[in-house]
Amino acid sequence: MLEKMEEHLTKLFKQAVITCEDREIHILVSKKGTVTVRQRFKAPAQKPSAQPRSLDHNRTKQYILKEGEPVDFLVGLGVQSPEGKVAKVYYDKFRQINRYLEFIEDILDKLPTDRTIRIIDFGCGKSYLTFAMYYYLKVLQGRDIRVTGLDLKQDVIRHCNELAEKLQYDKLDFQVGDIKDYDGETGVDMVVSLHACDKATDYALEKAVRWGASVILAVPCCQHELNRQIQCDTLKPVLKYGLIRERMSALITDALRADILEQHGYETQILEFIDMEHTPKNLLIRAVKSSGIRPKHKADSILEVTEFLHVQPTLETLLRN
């Protein structure tokens, strides 16, 4: 490093300022190459720090679930070894789980504290995030919860129930079923739908609204519906490219979903769930039930967009009445 500094000061730069703990050093290089060094000492601090200043610029990310600390469900799912080491192939999943828990941490105060919190996870799949949510709320936060995961795959649901029983997660169960036909509840506090395919997300959001859920977390997937419908003469030069049409349709689908939720009394955000480099399905719709008045102009604004694009979103149809 010293060699590089000397090279740059004699060939590229003519001045340097170096700040140290106790002094500031000025280095000047003349046109003839003469080097002048001046030092200015700082006044000593009244109470010098007992701890040396950290020079660690690559600080470890402070996850909710720590690396090196074994967590029972992560070990059970193969994400961690019994010693707490995260398997290399699952490291992106480990980061995704922690990112998901940060979203839940943000809405903790929106969940009831005087009774059991009822949570439904639609399209739970292998349930990495369902187990993470249960562990965070039940074990780390000590909340009284009851969680149900729903999915169409019988073998996956059987495996999840076996793991929940093995871990003694007695308030967590998994059921085989279709989101569209699920009617086992009259009221739910939190609805989760992560990577439910195409219109399955709409059915999950519709049920959440009808239940009056306090919190909705949805990561949509495979938004094909508007891609098949969208017709707009103004946008023809853009929509003629299949990939652009597909991506635009997906983004418009999720934006309209968020707007429709706002129309039904939710404060809604669209957030980045995980870095795009890991998965293109990286948008999360987070909606929190608002006590405010529903915006009257919202329905008209949505209608303008749907008429302009000649589309009819499923969620709007489901909630029309």
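Reader: Which residue in strand 5 stands opposite Arg 118, and where should that pair be placed in the strand pairing around it?

Author: In this predicted model, the residue of strand 5 that stands opposite Arg 118 is Arg 146. The pair is best read together with the strands that carry it: strand 4, which covers residues 117–122, is joined by six bridges to strand 5, which covers residues 145–151, and these two strands run parallel.

Reader: In what order do the seven strands of the open sheet follow one another, and which strands form its edges?

Author: The order across the sheet is 6-5-4-7-8-10-9, and the pairing is mixed. An edge strand is recognised by its pairing on one side only, and here that applies to strand 6 (172–176) and strand 9 (266–272). From one strand to the next, the twist of this sheet averages 15°.

Reader: Which strands does helix 6 lie across, and which does helix 9 lie across?

Author: Helix 6, residues 200–211, lies across strand 4, strand 7 (190–197), strand 8 (215–221) and strand 9, and its direction makes an angle of about 170° with that of strand 7. Helix 9, residues 242–263, lies across strand 8, strand 9 and strand 10 (283–289), and it runs at about 155° to strand 9.

Reader: How should I read the packing of helix 3 against helix 4, and at what angle do they pack?

Author: Helix 3 (residues 91–106) and helix 4 (residues 128–140) pack at about 50°, and their axes are 10 Å apart. An angle under 35 degrees would count as roughly parallel, and one from 65 to 115 as roughly perpendicular; the two helices are therefore oblique to each other. The crossing in which helix 3 passes helix 4 is right-handed.

Reader: Which residues of helix 3 meet helix 4, and how do the residues of this contact divide?

Author: From helix 3 come Lys 93, Gln 96, Ile 97, Tyr 100, Leu 101, Ile 104 and Glu 105, which meet Tyr 128, Leu 129, Ala 132, Met 133, Tyr 136 and Leu 137 of helix 4. The residues of this contact divide into 10 nonpolar, one polar and two charged.

Reader: How many aromatic pairs are there, and why is the pair of Tyr 100 and Phe 273 called edge-to-face?

Author: With ring centres required to lie within 6.5 Å, the count comes to 12 aromatic pairs. The rings of Tyr 100 and Phe 273 have their centres 6.4 Å apart and their planes at 85°, so this pair is edge-to-face. The pair links distant parts of the chain, since Tyr 100 belongs to helix 3, whereas Phe 273 lies in the loop between strand 9 and strand 10, 173 residues apart.

Reader: In what order do the strands of the three-stranded open sheet lie, and what joins strand 1 to strand 2?

Author: The order is 1-2-3 and the pairing is antiparallel, with strand 1 and strand 3 as the edge strands. The twist averages 15° from one strand to the next. Strand 1 (residues 15–19) pairs with strand 2 over five bridges, and a hairpin joins strand 1 to strand 2 through three residues. Within this pairing, Val 17 has His 26 as its bridge partner, and Thr 19 stands opposite Glu 24.

Reader: What does the hairpin of strand 2 and strand 3 have between its strands?

Author: Five residues lie between them, and Gly 33 in the turn has a positive phi of about 95°. Strand 2 (residues 23–29) and strand 3 (residues 35–41) pair in the antiparallel sense over seven bridges, and the bridge partner of Val 29 is Val 35 in strand 3.

Technical notes. Residues numbered from 1 in each chain as written. Predicted model: local features only at pLDDT ≥ 70, side-chain atom pairs only at ≥ 80, totals over all residues. Heavy atoms only, no water. Pairing = 2+ DSSP bridges. Helix = DSSP H or I, 4+ residues; strand = E, 2+ residues; numbered from the N terminus. Axes fitted to C-alpha atoms, helices over the stretch in contact; angles between N-to-C directions. Contact = heavy atoms within 4.5 Å. Parallel < 35°, antiparallel > 145°, perpendicular 65-115°, else oblique. Left-handed = near helix turned anticlockwise from the far one by under 90°. Nonpolar A, V, L, I, M, F, W, Y, C, P; charged D, E, K, R; others polar. Phe/Tyr/Trp six-rings, centres within 6.5 Å; stacked < 30°, edge-to-face > 60°.
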